[in-house]
Amino acid sequence: MVMVVLSPSFQSFPPAEAIRSSQLDGHLRLPSDQASTSQPSPDDRFSFRKASVFRNAEKCRSISHKITGVCHPSLVHVAITLDVEYLRGSIAAVHSILQHSLCPENVFFHFLVTDTNLETLVWSTFPQLKFKVYYFDPEIVRNLISTSVRQALEQPLNYARNYLANLLEPCVRRVIYLDSDLVVVDDIAKLWTTDLGSRTIGVPEYCHANFTNYFTAGFWSDRRFSGTFMGRKPCYFNTGVMVMDLAKWRRVGYTKRIERWMDIQKTERIYQLGSLPPFLLVFAGRVAAIEHRWNQHGLGGDNVRGSCRDLHPGAVSLLHWSGKGKPWDRLDSRRPCPLDALWAPYDLYGHAA
């Protein structure tokens with residue numbers, strides 16, 4: 001297999017305004033150009049080792065040098081949030097994607113932030129990465145967020161996925177959204193090529209789960225609300241791994257539909273969890289089913305204790321520590337769960353030896 005060196009990274013930009021990122025200038029910038037304009041990191045606690053340079057395989061060689069902007073049709077678009085609390089997880093997720101991609105040069109990362117200074121850490125850790133930073137204004141959802149079973153689920157950035165169709169460039173017609181507490185152990189391009197058919201999102205479904213538990217008794221007893229599932233066969237799915245057709249999302253206006261349910265929740269209390277139930281209300285029973293291998297979720301335990309969990313039966317392409325327990329916290333406390341050892345190789349936290 002012949003390999004080629006990664007080309008320089010795309011420039012990332014500070015926000016122009018809420019829910020609209022500034023336009024990419026359409027050409028490659030050297031990392032040294034970015035270094036002169038970036039602000040220092042807001043948190044000196046974080047230091048990450050520089051990742052290895054990941055190179056394209058022969059099959060991608062003829063394409064990689066032609067990619068000159070975010071709109072290039074050969075790109076695989078991946079959206080991930082960046083915040084101080086989960087930054088270590090986000091960096092590990094990016095590292096895992098690059099390490100297992102046959103064509104890592106063709107992966108473009110869209111980072112959603114409420115703190116624009118974090119991009120400096122991305123540049124220093126992945127000097128060759130193609131990415132752009134998008135500012136998400138917390139005020140957009142501040143008055144829509146309800147209390148949840150776990151405070152972390154109430155953070156505004158958890159809701160940024162609802163606005164990807166508005167944040168990303170119109171030419172980005174499809175994106176893979178990934179949570180920050182996971183690692184990919186397969187080629188992300190396989191997930192990217194998922195056939196969504198007529199559906200807007202593709203997710204692994206879990207129809208054995210008790211779907212009624214995700215909503216209150218009041219919801220199910222009120223036909224104004226429970227009637228939304230009439231004629232559907234809704235199943236639980238996890239929103240931490242989604243393939244999204246942004247062109248269709250924009251056309252139908254799904255962001256407004258999700259916001260409507262969040263607004264109802266403020267007065268009616270129809271669910272307990274954070275950003276998941278509005279997605280279920282809009283999309284459950286109307287998704288393209290993806291293989292379970294692409295979201296081996298729940299490895300962080302439940303939302304209260306964060307106890308250790310085993311893998312679900314079957315093949316694994318993505319390991320997801322959804323739940324309260326995070327692998328970096330458990331490893332640091334020297335009380336890891338057995339499966340946390342599978343996350344550790346992608347952790348770049350700490351100074352180089």
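Is Arg269 buried, partly exposed or exposed in this predicted model? The first legend answers this, and the others turn to aromatic contacts, salt bridges and surface charge.

**Figure 1. Close-up of Arg269 and Arg334, two non-glycine residues with positive phi.** Arg269 is partly exposed, its relative accessible area being 31%. The phi angle of Arg269 is positive, at about 50 degrees, although the residue is not a glycine. Arg269 is placed in the loop between H11 and helix H12 (276–283). Arg334 likewise is not a glycine and has a positive phi, of about 60 degrees. Arg334 belongs to the segment after helix H13 (327–332). With a relative accessible area of 75%, Arg334 is exposed.

**Figure 2. Close-up of the aromatic contacts of Phe219 with Phe215 and Phe229.** The structure contains 26 aromatic pairs. One of them joins Phe215 and Phe219 in a stacked arrangement, with 4.6 Å from centre to centre and 25 degrees between the planes. Phe215 is buried, with a relative accessible area of 6%, and Phe219 is buried at 0% relative accessibility. Phe219 also pairs with Phe229: the ring centres are 6.1 Å apart and the planes lie at 65 degrees, so this pair is edge-to-face. Phe219 is in helix H8 (residues 217–221), while Phe229 is in the loop between helix H9 (223–226) and strand S8 (236–237), so the contact ties together parts that are 10 residues apart in sequence. Phe229 counts as buried, at 7% relative accessibility.

**Figure 3. Close-up of an aromatic cluster that includes Phe215, Phe219 and Phe229.** One cluster is formed by Tyr206, Phe211, Tyr214, Phe215, Phe219, Trp220, Phe225, Phe229, Tyr236 and Trp261. Among the members of this cluster are the two partners of the stacked pair, Phe215 and Phe219. The cluster also includes both rings of the edge-to-face pair, Phe219 and Phe229.

**Figure 4. Close-up of the salt bridge between Glu169 and Lys132.** A search of the whole structure finds 11 salt bridges. In the bridge between Glu169 and Lys132, the closest N and O atoms are 2.3 Å apart. This pair links distant parts of the chain, 37 residues apart: Glu169 is in the loop between helix H6 (164–167) and strand S4 (174–178), and Lys132 is in strand S3 (residues 131–135). Glu169 and Lys132 are both buried.

**Figure 5. Close-up of the salt bridge between Arg293 and Asp186.** The closest N and O atoms of Arg293 and Asp186 are 3.9 Å apart. Arg293 lies in the loop between strand S10 (288–289) and strand S11 (318–320), and Asp186 in the loop between strand S5 (182–184) and helix H7 (188–192), so the bridge ties together parts that are 107 residues apart in sequence. Arg293 is partly exposed, with a relative accessible area of 26%, whereas Asp186 counts as buried at 12% relative accessibility.

**Figure 6. Close-up of helix H11, with the Lys256–Glu259 salt bridge and Arg257.** The side chains of Lys256 and Glu259 meet in a salt bridge at 3.7 Å, N to O. Because Lys256 and Glu259 are 3 residues apart in helix H11, about one helical turn separates them. Lys256 is exposed, with a relative accessible area of 63%, whereas Glu259 counts as buried at 16% relative accessibility. Arg257 is also placed in helix H11 (residues 254–268). The relative accessible area of Arg257 is 40%, so this residue is partly exposed. Together with Arg199, Arg260 and Arg286, Arg257 forms a positive surface patch.

**Figure 7. Close-up of the salt-bridge network of Arg88, Asp332 and Asp347.** Salt bridges link Arg88, Asp332 and Asp347 in a network.

**Figure 8. Close-up of Thr125 and Ser47.** The C-alpha atoms of Thr125 and Ser47 are separated by 8.9 Å, while the two residues are 78 residues apart along the chain. Thr125 is in helix H4 (residues 119–125). At 0% relative accessibility, Thr125 is buried.

Terms used: Residues numbered from 1 in each chain as written. Predicted model: local features only at pLDDT ≥ 70, side-chain atom pairs only at ≥ 80, totals over all residues. Heavy atoms only, no water. Patch = residues over 30% accessible without salt bridge, like charges linked within 9 Å, V, L, I, M, F, W, Y side chains within 5 Å. Areas by Shrake-Rupley, 256 points an atom, 1.4 Å probe, with all protein chains shown as cover. Salt bridge = Lys/Arg side-chain N within 4 Å of Asp/Glu carboxyl O. Lys, Arg positive; Asp, Glu negative; His and termini not counted. Charge placed at Lys NZ, Arg CZ, Asp CG, Glu CD. Helix = DSSP H or I, 4+ residues; strand = E, 2+ residues; numbered from the N terminus. Buried < 20%, exposed > 50% of the residue type's maximum accessible area, 1.4 Å probe, protein only. Phe/Tyr/Trp six-rings, centres within 6.5 Å; stacked < 30°, edge-to-face > 60°.
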